[in-house]
Amino acid sequence: MSGENFGGRGGRGSNKRATNRAGQGRSGANKSDRTRAGAAGQGGGSRRNAKGHERNRRSLDQRQKSALAPGQRRRTADPARLTAFEVINAVSFDDAYANLVLPKAIRSHRLDHRDAAFATELTYGTLRNQGTYDAILSHCVDRPLEKTGTQILTALRMGTHQLLGMRVPAHAALNSTVALARAEIGSGPSSFINAVLRRVSERSAEEWNDLITAEAKDDHQRLALTKSHPTWVVRAFRQALAAHGRSASEIEALLDADNAAPVVNLVELPGLGSLDEALAQGAEKGELVEGSAYYSSGDLGRLESVRSGSVRAQDVGSQLVARALASAPLDGSDLAWLDLCAGPGGKAALLGALAAERGASLLANESVKHRAKLVESSLKPLPADSYKVVTGDGRQIAKTVSKAALLPAGMSEGQLFDRVMVDVPCSGLGALRRRPEARWRKSPRDIAELLPLQKQLFDAAASVTRSGGLIAYVTCSPHMAETQNIVHDILAGGEVELLDSGEALRAVALKNEDGASRLSGEREVAFAPDEKKPQQTTAQLWPHVHATDAMFFALFRKK
Ligand SMILES: C[S@@+](CC[C@H](N)C(=O)[O-])C[C@H]1O[C@@H](n2cnc3c(N)ncnc32)[C@H](O)[C@@H]1O
């Protein structure tokens with residue numbers, strides 16, 4: 001038994017024995033080892049859906065584990081590492097979102113503050129740096145990594161992150177990962193994991209960096225491997241920097257920002273909430289926009305204002321674009337606002353609160369039922385007669401507004417809107433900091449599939465906007481196809497004109513002592529797609545410049 005089938009090249013000393021055994025194992029494994037190796041790495045072990053995601057493998061890996069005699073599974077994993085292991089496996093097996101699963105896992109393991117922080121860093125760091133760690137691990141394993149089995153790969157990546165990305169002493173990183181593997185996967189895989197991680201530990205992070213840099217075919221691949229992003233994303237980001245008026249040489253800083261843990265941003269709903277409690281609990285006032293704060297003092301659920309919904313976690317980029325739409329100058333009536341793609345309701349809550357303060361009301365539309373429910377709950381703190389949530393395809397919004405019963409009080413059948421938010425479904429490439437696994441799940445094909453929908457949603461929004469009304473087109477992505485190219489297509493339709501979106505954002509940002517907007521100078525956001533029309537700009541926020549998600553904002557006026 002043991003790690004024979006798992007292909008460790010082994011390292012010095014005892015690791016060499018693992019190397020030898022690995023060789024024997026491949027040719028002379030006993031039946032249960034062969035069964036396990038097959039389940040772990042080959043044939044039926046790798047079921048993928050059309051997008052290449054691993055699916056429905058839990059039963060296979062569970063069979064792997066249950067094939068072990070109980071005596072071989074000592075339950076000695078420490079709770080913080082076990083939490084990370086379970087979450088990362090849920091991401092691999094069930095396409096789960098780490099940011100949703102992790103808080104529940106932390107609660108179910110009753111982790112204290114310190115262990116919760118450790119589990120969070122281990123989970124997020126492992127997922128974010130997966131590309132780099134796989135490049136390193138492929139030097140330490142003598143077969144394609146995907147053939148090692150999902151749980152084993154999870155343990156290897158976690159061990160590598162502790163060795164190279166966290167300040168965990170090597171012996172602790174090794175022993176604890178091996179104990180975890182022994183308890184959760186079995187003693188054979190744990191020997192293999194021990195052998196592989198010893199090889200990883202033979203070089204420092206810098207030495208591994210040099211090694212994989214030397215192997216890269218070109219600069220895109222170098223950045224992809226050393227900054228742990230898919231190569232196509234590196235290429236797209238480089239183009240996007242240039243397309244939004246920044247230097248392509250900022251790419252390294254951008255990729256680094258994606259790999260850093262973001263601080264939680266808070267927003268107080270205007271007229272309804274107050275940041276006082278959060279500030280008293282250690283939050284710091286936001287630098288870029290009023291009514292915001294940075295919070296790094298642990299569980300948000302401790303705050304009554306958060307539990308009541310009058311203070312919410314919301315990226316500053318989202319706050320800025322919602323406020324920019326709400327504050328942009330507008331002639332004529334200003335009572336009917338629409339959020340066409342509202343789920344889960346972050347921007348809708350801020351927009352709705354701003355609308356209610358001015359006596360306007362908000363219709364929040366969302367196509368997915370359970371997300372519409374989230375919008376309902378986001379809007380709960382608002383006056384009940386100031387909004388309505390509807391579930392429907394945004395492309396059919398003209399039909400929706402033809403039914404008076406679906407509209408908030410004060411709006412009537414066939415309502416046309418004064419301010420409209422179109423925060424389209426997009427690749428989410430601008431939020432890679434917050435969704436550590438997202439970069440590995442996206443493909444250029446996903447973007448291509450979304451483009452027609454994005455344009456159709458904008459057109460539908462324009463069809464229910466009054467002449468002179470404002471429409472914000474927003475994506476949480478800087479990708480050219482979803483941003484500048486869509487703006488180009490929108491303008492070609494001739495129904496709307498592009499406004500100075502950069503100025504709209506600058507106007508709602510806080511000011512420096514000299515009176516200049518904090519979104520000017522080095523932090524400038526505006527870019528004029530047409531040099532001949534310098535006052536018609538789009539705006540792009542960046543994680544490495546503004547410490548926000550890479551939110552894109554284009555503000556239009558209906559002709
Ligand atoms: C980027 S998210 C919006 C985020 C939201 N504005 C917020 O701040 O919380 C895009 C939303 O559009 C929804 N969506 C997708 N297709 C849609 C459609 N055809 N009509 C309306 N909403 C749609 C998605 O379900 C998703 O909730």
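## Getting your bearings

Domain bounds here come from an automatic or database domain assignment. For this chain, that assignment gives domain 1 (4-201), domain 2 (263-313) and domain 3 (315-558). What you are looking at is a predicted model, where local features need pLDDT of at least 70, side-chain atom pairs count only at pLDDT 80 or more, and totals for chains, interfaces and linings use all residues. Residues are numbered from 1 along each chain as its sequence is written.

The chain has 25 helices and 13 strands; helices (H or I, at least four residues) and strands (E, at least two) are DSSP runs, numbered from the N terminus. Of its 559 residues, 51% count as buried. A residue is buried if 20 or more other C-beta atoms lie within 10 Å of its own, exposed if 12 or fewer, and partly exposed in between, with C-beta atoms placed from the backbone.

## Where domain 1 meets domain 3

Contacts come next: two residues are in contact if their C-beta atoms, placed from the backbone, lie within 7 Å. Among contacts between residues at least 6 apart in sequence, 72% join residues at least 24 apart.

Between the domains, 10 residues of domain 1 are in contact with 7 residues of domain 3. On the domain 1 side, α5 and α6 (113-128) are the elements that give two or more residues, and α6 gives the most, with 3. The residues on that side divide into 5 nonpolar, 3 polar and 2 charged. In this count, Ala, Val, Leu, Ile, Met, Phe, Trp, Tyr, Cys and Pro are nonpolar, Asp, Glu, Lys and Arg are charged, and the others, Gly among them, are polar.

## A residue in a loop

Y97 sits in the loop between α4 (79-94) and α5 (98-108). Y97 counts as partly exposed because 17 other C-beta atoms lie within 10 Å. The C-alpha atoms of Y97 and G245 are separated by 33 Å, and these residues are 148 apart along the chain.

## The listed binding site

An unreviewed UniProt entry lists a "binding site" that includes G346, K347 and D423. UniProt positions are given in the numbering used here, feature names are shortened, and annotations may be inferred rather than shown by experiment.

G346 lies in helix α18 (residues 346-357), and K347 is found in α18 too. G346 is buried because 21 other C-beta atoms lie within 10 Å; for K347, also buried, the number is 25. Leaving out residues up to four places away in sequence, G346 touches R312, Q314, S318 and S378. With the same exclusion, K347 touches S318, A322, D339, M421 and D423.

## Strands side by side

Two strands pair if DSSP finds at least two bridges between them. One open sheet of 4 strands has the order β2-β3-β1-β4, with antiparallel pairing. Here β2 (284-285) and β4 (311-313) stand at the edges, each with a single partner strand, so one side of each has no neighbour in the sheet. Strand β1 (residues 264-268) is joined to β4 by 3 bridges, and V267 has R312 as its bridge partner in β4.

Farther along, strand β13 (residues 552-558) is mostly covered, with 6 of its 7 residues buried. Strand β9 (residues 465-475) runs antiparallel to β13 and is joined to it by 6 bridges; the partner of A472 in β13 is L555. Strand β10 (residues 496-498) pairs with β13 in the antiparallel sense over 3 bridges, where E497 stands opposite R557.
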